[in-house]
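Student: I have a model open and I'd like to learn how to read it properly. Can we go through it feature by feature?

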Amino acid sequence: MIIIGSRFFTWGSDRAAQPSHCGKCGTVAQFIVKRGMRFITLFFIIPIIPISGVRHLVQCPNCGTRYQATAEGSAVS
Ligand SMILES: [Zn+2]
């Protein structure tokens, strides 16, 4: 029996160049920059087909809340 589902995978652990403010826990820190993609999975863990483009995310190092990174409008230095 084959179980098919979908799951969001993330990777990457770079630190953001500039500190950001977390709206959930209030921490101001350098967020962790991640990329993520949703995949069709086999047995919940084996990614086989990507079903979304790459999403750029930033994650609060304190509470782990993820935010969608804005590609434009943020300062680039
Ligand atoms: Zn936080």
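Tutor: Sure, starting with confidence. The yardstick is pLDDT, the predictor's confidence in each residue, from 0 to 100. Here the protein averages a pLDDT of 88, and 90% of the residues score at least 70. This is a predicted model, and the cut-offs follow from that: local features need pLDDT of at least 70, side-chain atom pairs count only at pLDDT 80 or more, while totals for chains, interfaces and linings use all residues. Residues are numbered from 1 along each chain as its sequence is written.

Student: Over which residues does pLDDT stay under 50?

Tutor: First the general idea: where pLDDT is low, the predicted coordinates should not be read in detail. In this model the stretch is residues 72–77, and the model gives those residues 1 contact beyond four places in sequence. A contact means that two C-beta atoms, placed from the backbone, lie within 7 Å.

Student: What secondary structure does the protein have?

Tutor: Helices and strands are DSSP runs numbered from the N terminus: H or I over at least four residues for a helix, E over at least two for a strand. By that rule the protein comes to 0 helices and 7 strands. Along the sequence the pattern reads β-β-β-β-β-β-β. Confidence is lowest in S7, with a mean of 91, and highest in strand S3 (residues 28–29), at 96.

Student: Now pairing. Which way do S1 and S4 run, parallel or antiparallel?

Tutor: Two strands count as paired if DSSP finds at least two bridges between them. S1 and S4 are antiparallel, over 10 bridges. To find the register in your viewer, look at Phe8, which stands opposite Arg38 in S4.

Student: And how many bridges join S4 to S5?

Tutor: 4 bridges, and those two strands run antiparallel. One pair to click on is Phe39 with its bridge partner in S5, Pro50. Their C-alpha atoms are 4.2 Å apart in space, with 11 residues of separation in sequence.

Student: Then where do S6 and S7 fit in?

Tutor: S4 (residues 32–42) pairs with S6 (residues 55–59) in the antiparallel sense over 5 bridges. There, Lys34 stands opposite Leu57, and Ile32 stands opposite Gln59. S6 also pairs with S7 (residues 66–68), again antiparallel, over 3 bridges. Gln59 turns up here too, with Arg66 as its bridge partner in S7. S6 and S7 form a hairpin with 6 residues between them, and Gly64 in the turn has a positive phi of about 85°.

Student: What is the phi of Phe43?

Tutor: As background, most residues other than glycine have a negative phi, and most peptide bonds are trans. Phe43 has a positive phi near 55° in the hairpin of S4 and S5, which has 3 residues between the strands. Phe44 lies in the loop between S4 and S5 as well, and its phi is near 70°, again positive in a residue other than glycine.

Student: Is Phe44 buried or exposed?

Tutor: The test counts other C-beta atoms within 10 Å of a residue's own, with C-beta atoms placed from the backbone: 20 or more is buried, 12 or fewer is exposed, and in between is partly exposed. Phe44 is exposed because it has 10 other C-beta atoms within 10 Å. Phe43 is exposed too, with 10 of them.

Student: What about residues inside strands?

Tutor: Try Pro50, in strand S5 (residues 46–50). Pro50 is exposed, since 12 other C-beta atoms lie within 10 Å. Leaving aside neighbours within four places in sequence, Pro50 is in contact with Met37 and Phe39. Then take Phe9 in strand S1 (residues 4–15). Phe9 is partly exposed, as it has 13 other C-beta atoms within 10 Å. Not counting residues up to four places away, Phe9 touches Gly36, Met37, Phe39 and Pro47.

Student: What share of the protein is buried?

Tutor: Buried residues make up 5% of the 77 residues.

Student: Last one: how do I judge the reach of the contacts along the sequence?

Tutor: Take contacts between residues at least 6 apart in sequence: 51% of them join residues at least 24 apart. For a pair of that sort of separation, Phe9 and Arg38 are 29 residues apart in sequence and 6.1 Å apart in space, C-alpha to C-alpha.
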